[in-house]
Amino acid sequence: MKLGELEKLVLQYLWQNDSADVKQVFGHFEKTRGGSLNTIQSTLDRLYKKDLLTRHKEGHAFVYQAKVERHELIGQLIKSVTSDFITEDDSSLVAAFSSISKEFNEEQLLKLESLIEQQRLKLGQESK
Amino acid sequence: MIEGALAIWLNTLAIAVITFFIANLAVSLIISVLDQRFLGMEVEPRKNILWLLVVIPWCVAVLVSGYFLYKFSSLDPFSWSTAYAHWHHMDVYAVFSWHSITLLLALLGIAYVLIRKVSLLLKHKNELSLLSGFARKIGHQVYELELPQACAFTSGFLTKHCYITSGMLKATTVQEQAVILGHEKAHAKRNDPLKKWLFSILATFFLPSLTARLKLHMTLAMEQAADNAVLSEENISSTMVAATLVKVARLNAAEAPLVNNELVANFGADVLEQRVFFLLGQLELKPVNKLLTLIFIVLIIAASLSAIDSVHHLMETIFSH
């Protein structure tokens, strides 16, 4: 699923403004980048079909809202594309610096930090 | 009942499937026995051994079925019937037989794995494409994602991209970022995302517990290789890489709740510990014994070749054609 430039801008607008109908969105973009009401309507429809927006009817018009916040969406996408291929199905598709290092306890981390410090001291003494 | 060329091909396929199971069983036994020993092998040879383990059942299946086909087509019927390994009805194939059930199950199994992997690949591609829409290019192959959590990863099969979150950039120093990005670029250079995907497909044909062990070993080997690649860069020491690794682990641990599943926790911790021990030179990694590896390969081929007739006869004793 790829997002076009206008789709990203509309999504960004809805992240900044809780909800809006097509006229309000068009009103904003008419001043900043031009375009027609139909273009904005079809952009909102596409975002809705991509499951990025929710909508409800108020009078005759649909009012659109972003389904999740920007950070939440990025976080969900990262979690999904990096889900560990050892424990979950398949993220045999990424090689992550940190994805395999999420599950430890404080004791294990302290032990490793102390080991690294010892090695640093040892190397420091050897180089003197 | 099918006779002639088609029967020969169907019987050859049946032989390939049964051989695959026998070789898979033999390899599973090796993995179970030598599991911990893999950790003591040098990184690159270990990766080769892991590839060999997942590929060998397929190769043995092709070799043994090819051998049967060759023997059938090159010898006269009398010497064929007394040969060491034989299939007494090579040119006759009973459609309603256990051979057909074996073939059908094998085909369904392979189709299920491939369809599942491809659909997951497409889902991943979609999500990554959406994610890249929110990314900002900050260097060659490197993209920043605006997110408070610390994360860095590499993805893509042909066009490889390294992603790093703004949270990670904020929480780390320039030198630590050089370690993280050096590590990610090493993954990209080695085509690790594609290799991991292919490896996971081949590993899926083992028992689930062995699949998980194989993937864990491959992940560890790939991570160690990428850690090692960073050391070739100027002004980056092994203690620096190890310290960055632990720091990122600490950042992740602070953000993600601890997993209760002991097995999962041990997996993650083992990989981190092994990487740190490796960087600090605390592991005595040894080269792979090539002669022993060759003996294992020959033994698996010989076992598959000699067991196929027994399996065949056993099945035909239990089930009729």
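# Two chains, a few questions

Visitor: In chain A, what share of the contacts with a separation of 6 or more comes from residues 24 or more positions apart?
Guide: They account for 38% of those contacts. Two residues are in contact if their C-beta atoms, placed from the backbone, lie within 7 Å.

Visitor: What kind of model is this?
Guide: It is a predicted model: local features need pLDDT of at least 70, side-chain atom pairs count only at pLDDT 80 or more, and totals for chains, interfaces and linings use all residues. Residues are numbered from 1 along each chain as its sequence is written, while chains are lettered from A and ligands numbered from 1 in the order in which they are written.

Visitor: How many helices and strands in chain A?
Guide: Chain A has 5 helices and 4 strands. Along the sequence the order is α-β-α-α-β-β-α-β-α. These are DSSP runs numbered from the N terminus (helices H or I, at least four residues; strands E, at least two).

Visitor: How much of chain A is buried?
Guide: Of its 128 residues, 32% are buried. That takes 20 or more other C-beta atoms within 10 Å of a residue's own, with C-beta atoms placed from the backbone; 12 or fewer is exposed, and in between is partly exposed.

Visitor: Take A:Leu44. Buried or exposed?
Guide: A:Leu44 counts as buried because it has 23 C-beta neighbours inside 10 Å. The residue lies in helix H3 of chain A.

Visitor: What does A:Leu44 touch?
Guide: Leaving out residues up to four places away in sequence, A:Leu44 touches A:Val10, A:Val22, A:Val25, A:Leu53 and A:Tyr64.

Visitor: And how far is A:Leu44 from A:Gln76?
Guide: They are 22 Å apart, C-alpha to C-alpha, and 32 residues apart in sequence.

Visitor: Backbone check. Where is A:Asp51, and what is its phi?
Guide: A:Asp51 is in the loop between helix H3 (37-49) and strand S2 (53-58) of chain A. Its phi is positive, about 70°, although A:Asp51 is not a glycine. A:Asp51 is exposed, with 10 other C-beta atoms within 10 Å.

Visitor: What about B:Asn191?
Guide: B:Asn191 is not a glycine either, and its phi is positive, near 55°. B:Asn191 sits in the loop between H6 and H7 of chain B. With 16 C-beta neighbours inside 10 Å, B:Asn191 is partly exposed.

Visitor: How long are those two helices, end to end?
Guide: H6(B), residues 174-189, has end C-alpha atoms 22 Å apart, which agrees with the expected 22 Å for 16 residues. H7(B), residues 192-203, gives 16 Å, which agrees with the 16 Å expected for 12 residues. The expected span is 1.5 Å times one less than the number of residues.

Visitor: Which residues of H7(B) are buried?
Guide: B:Asp192, B:Pro193, B:Lys196, B:Trp197, B:Phe199, B:Ser200 and B:Ala203. They cover an arc of only 165° around the axis (taken from the directions from axis to C-beta atoms), which puts them on the same side of H7(B).

Visitor: New topic. How do H1(B) and H2(B) cross?
Guide: The axes of H1 (residues 5-34) and H2 (residues 43-74) of chain B come within 7 Å and cross at roughly 145°. Axes are lines fitted to C-alpha atoms over the stretch in contact, with angles from 0 to 180 degrees between N-to-C directions.

Visitor: Who meets whom?
Guide: Residues of H1(B), including B:Ile8, B:Phe20 and B:Ile31, meet residues of H2(B), including B:Leu53, B:Trp58 and B:Phe72. The contact divides into 18 nonpolar, 4 polar and no charged residues. Nonpolar means Ala, Val, Leu, Ile, Met, Phe, Trp, Tyr, Cys and Pro; charged means Asp, Glu, Lys and Arg; the others, Gly among them, are polar.
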